[in-house]
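User: Hi! Could you walk me through some helix packing and ring pairing here?

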Amino acid sequence: MRERRHGGPMSEHGKTPVTVLGLGAMGTALVEALLAAGHPVTAWNRTASRAEGVAAKGATVASTVTEALAANEIVIACLLDYDSVHEVLDPAAAGLAGRQLINLTNGTPGQAREMGAWAEELGADYLDGGIMAVPPMIGTPAAFIFYSGSGGVLGRARMALDTFGGVNYLGADPGLAPLYDLALLSGMYGNFIGVIQAYTLVGSAGVKASEFAPLLRGWMEAMNGFLDRSAEQIDSGDYTNDVVSNIAMQAAAFPNLAKAAAEQGVSAELLAPLQSLMDRRVAAGHGAEDLVGVIEILKK
């Protein structure tokens with residue numbers, strides 16, 4: 001073995017050896033991307049049979065977590081949740097000393113900060129990550145991952161992490177990666193809610209979703225200006241700037257969405273929470289604002 005200039009070990013072929021804990025769909029995709037790029041990989045999974053596929057592609061399979069930790073300095077965990085990470089690592093915690101632990105398990109900012117403090121107490125450097133991709137996207141230009149925590153870990157593991165997709169480092173606070181991850185997912189699910197409701201509504205009249213999709217796509221794209229406009233309003237604290245349709249007008253018209261759904265025999269429960277927020281903001285005297293003013297209620 002020889003050392004990289006920043007201190008991380010390299011194989012004789014110049015590729016960073018990596019241990020990966022967890023071989024679910026995402027963990028397997030990570031291992032396959034590393035192997036495709038020439039990185040030596042030691043993999044472990046609770047159910048040993050799940051490792052057969054990556055073993056056939058060149059991964060070394062560890063029979064225990066302790067063995068997996070001992071194999072390489074850089075350790076990537078990609079498990080179901082943070083409780084699973086503790087269940088896997090707690091019994092082998094002594095083996096984390098001197099390791100670079102990268103946790104790519106979905107969780108919350110608080111969980112990431114707790115995990116970072118725990119790892120530090122055990123003598124490990126910690127980097128948390130939020131994967132913005134589904135497994136088939138890993139290793140393609142479409143994938144990117146948020147990282148936060150130890151910049152040293154990022155530097156030592158960068159060659160390996162680059163194989164997964166774009167690298168977005170947010171800073172030393174381990175909680176920032178899951179915060180950004182969940183914020184983007186919140187936007188995604190909010191979008192999905194509206195799309196599902198739209199298809200349900202027209203579907204009640206026998207309209208095929210595939211027939212309606214081009215109209216919905218065009219409308220959603222036309223409404224993208226809300227992203228930048230609302231961001232400017234939030235940062236300035238002035239929700240009355242550049243208002244296209246004020247919240248009082250929207251709150252008055254919004255009940256028609258629920259009424260139309262009821263007439264068509266479908267539920268409007270996906271949209272119902274927004275009505276209450278708008279009504280409360282208008283009642284508080286902010287009817288001239290843009291819709292984004294409801295953020296003040298959410299903050300409280």
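User: At what angle do helix α4 and helix α5 pack, and how far apart are their axes?

Analyst: Happy to help! This is a predicted model, where local features need pLDDT of at least 70, side-chain atom pairs count only at pLDDT 80 or more, and totals for chains, interfaces and linings use all residues. Residues are numbered from 1 along each chain as its sequence is written, and side-chain values use heavy atoms, without hydrogens and water. Helices are DSSP runs (H or I, at least four residues), numbered from the N terminus; axes are lines fitted to C-alpha atoms over the stretch in contact, with angles from 0 to 180 degrees between N-to-C directions. For α4 (residues 82-89) and α5 (residues 109-121), the angle is about 20 degrees and the axes are 11 Å apart.

User: Which orientation does α4 have relative to α5?

Analyst: Angles under 35 degrees count as roughly parallel, over 145 as roughly antiparallel, 65 to 115 as roughly perpendicular and the rest as oblique. That makes α4, relative to α5, roughly parallel.

User: Which class of pair do the rings of Tyr189 and Phe192 form?

Analyst: Rings of Phe, Tyr and Trp (its six-membered ring) pair if their centres lie within 6.5 Å; planes under 30 degrees apart count as stacked, over 60 as edge-to-face and the rest as tilted. Both residues lie in helix α7 (residues 176-203), three residues apart. Their ring centres are 6.1 Å apart and their planes at 85 degrees, so the pair is edge-to-face.

User: Which residues form one aromatic cluster?

Analyst: The structure holds four aromatic pairs. One aromatic cluster is formed by Phe144, Phe146 and Tyr180.

Terms used
Helices (H or I, at least four residues) and strands (E, at least two) are DSSP runs, numbered from the N terminus.
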